[in-house]
Amino acid sequence: MKKLFVHKPLFRLLSPVFSGVIVYLLILLVNNNVAQIQNEFLGEELYVCIGMSYIIQEFSRVLLLLFKRFSFLSDTILSIVLQVVVSIVLSIVVVTLCITLYYKQVLGFSPNSEELWLFNSVFSVITMIYIMLFISHQYLHKINSEKLKEEQEYLAHIEQDFKEFKQGINPDLLFESLENLLVLIKQDKEKADDFIDYLATIYRYILSSKQKQLVGLTEELENTEELVKLFNYLPYRNVSLVNRINTSFLIVPRSLLFMVEQIIRTTIISSNINLEIELNEEIDFFTISYLTNDKITEVFSAKNYKEIERVYAIYSKSTIDVTTTDYKRTIKIPKLTIKSNA
């Protein structure tokens, strides 16, 4: 609410000047004719009206801020009417005290009932206009804030869909595979056919797994082995996958596939050095371990599996844990069951 323009220093400084001048003109028009305005415009009463406008607007602003502190006053028609009535009544009290003090201390006599009625009527209208301006702009700010929040949620949803789409398509793997396929077609068509089969199997699984919340480890492992075979067709890739898991459990689709790919892409590999990725299991986790030989430009870090970790948080309270030593890195991923999924 502090963003509303009625709280801005410039508005609080200039608006009472204009409203004070209007109040003074209205009083002159009531007490005198139009011709006398030119002679009596720049009088002492003009500055009194401007000063009163400062007092009334600041007093009304403080009242509105106080009203917002009471939780029982919700944004209803009744609460708005209550704010207007209370603000006008208290403003009449303030105007009466200020006018009476001015008349007695400066002019030397007390104001009569007609003069008090005139000042209170005009400043009551100013108070009501200020309150309506405040409330209307507050509602406008609230509506705009809600629309902005909806737009931000919609944008976040689009960004999330794009991340899932990018992860599913995996453009790096696709273009790298297509480039290598062009070379294999010219050199060895039989290897090119095998390469296409591996690529088709992987992408068939990636696209079909989008409709599944969880998949069995066996299904994921079969497609991960196809991914390893595919990478071994690429230049300077020498990767092997060693599976020591004997039990069956559920995992998030493409999680093992994604982890193995990130390991291969962030590890320095040559035709003379074999990258061996071991799969083991514990009571509540299965582990992926390998000898660390990280690239300088691309190191395995938490951002590599941030999306996988977000999805796992939906099904399990356990988190993905990565332990790195000078020679070895171990990734612990929670096992999922139908019971934990429910």
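In this predicted model, Ser255 touches Glu220, Ile308 and Tyr312, leaving aside residues up to four places away in sequence. The C-alpha atoms of Ser255 and Glu220 are separated by 8.3 Å, although the two residues are 35 apart along the chain. Ser255 belongs to helix H9. Its relative accessibility is 0%, and since buried means under 20%, Ser255 counts as buried.

Helix H9 is a good place from which to look at the sheet. Five strands make up this open sheet, in the order S2-S4-S5-S7-S6, and their pairing is mixed. Strand S2 (239-243) and strand S6 (321-324) stand at the edges; each has a single partner strand, so one side of each is left without a neighbour in the sheet. From one strand to the next, the twist averages 15 degrees. As a reminder, strands of a sheet pair through backbone hydrogen bonds, either parallel or antiparallel. Strand S4 (residues 275-281) and strand S5 (residues 285-291) run antiparallel and are joined by four bridges. Within this pair, Glu278 stands opposite Ser289 in S5. H9 lies across S2, S4, S5 and strand S7 (328-334), and runs at about 145 degrees to S4.

H9 is also a packing partner of helix H6, together with two other helices: the buried residues of H6 pack against helix H7 (189-208), helix H8 (217-233) and helix H9 (255-266). Helix H6 spans residues 171-187, 17 residues in all, and reaches 24 Å from its first C-alpha to its last, close to the 24 Å expected at 1.5 Å a residue. Its buried residues are Leu173, Ser177, Asn180, Leu181 and Leu184. Seen down the axis of H6, these buried residues fall within an arc of 120 degrees, so they line one face of the helix. The general background is helpful here: an α-helix has 3.6 residues a turn, so residues three or four places apart point the same way. The other side of H6 carries the exposed residues Asp172, Phe175, Glu179, Leu182 and Lys186.

A word on confidence completes the picture. The protein chain averages a pLDDT of 81, and 88% of the residues score at least 70. Strand S5 has the highest confidence in the protein chain, at 94, whereas helix H11 (residues 338-341) has the lowest, at a mean of 51. Where pLDDT is low, the predicted coordinates should not be read in detail.

Key
Residues are numbered from 1 along each chain as its sequence is written. This is a predicted model: local features need pLDDT of at least 70, side-chain atom pairs count only at pLDDT 80 or more; totals for chains, interfaces and linings use all residues. Side-chain values use heavy atoms; hydrogens and water are left out. The expected span of a helix is 1.5 Å times one less than its number of residues. Buried means under 20% relative accessible area, exposed over 50%, partly exposed in between (1.4 Å probe, protein chains only). The arc is that of the directions from the helix axis to the C-beta atoms. Contact means heavy atoms within 4.5 Å. Two strands pair if DSSP finds at least two bridges between them. Axes are lines fitted to C-alpha atoms, for helices over the stretch in contact, and angles run from 0 to 180 degrees between N-to-C directions. pLDDT is the predictor's confidence in each residue, from 0 to 100.
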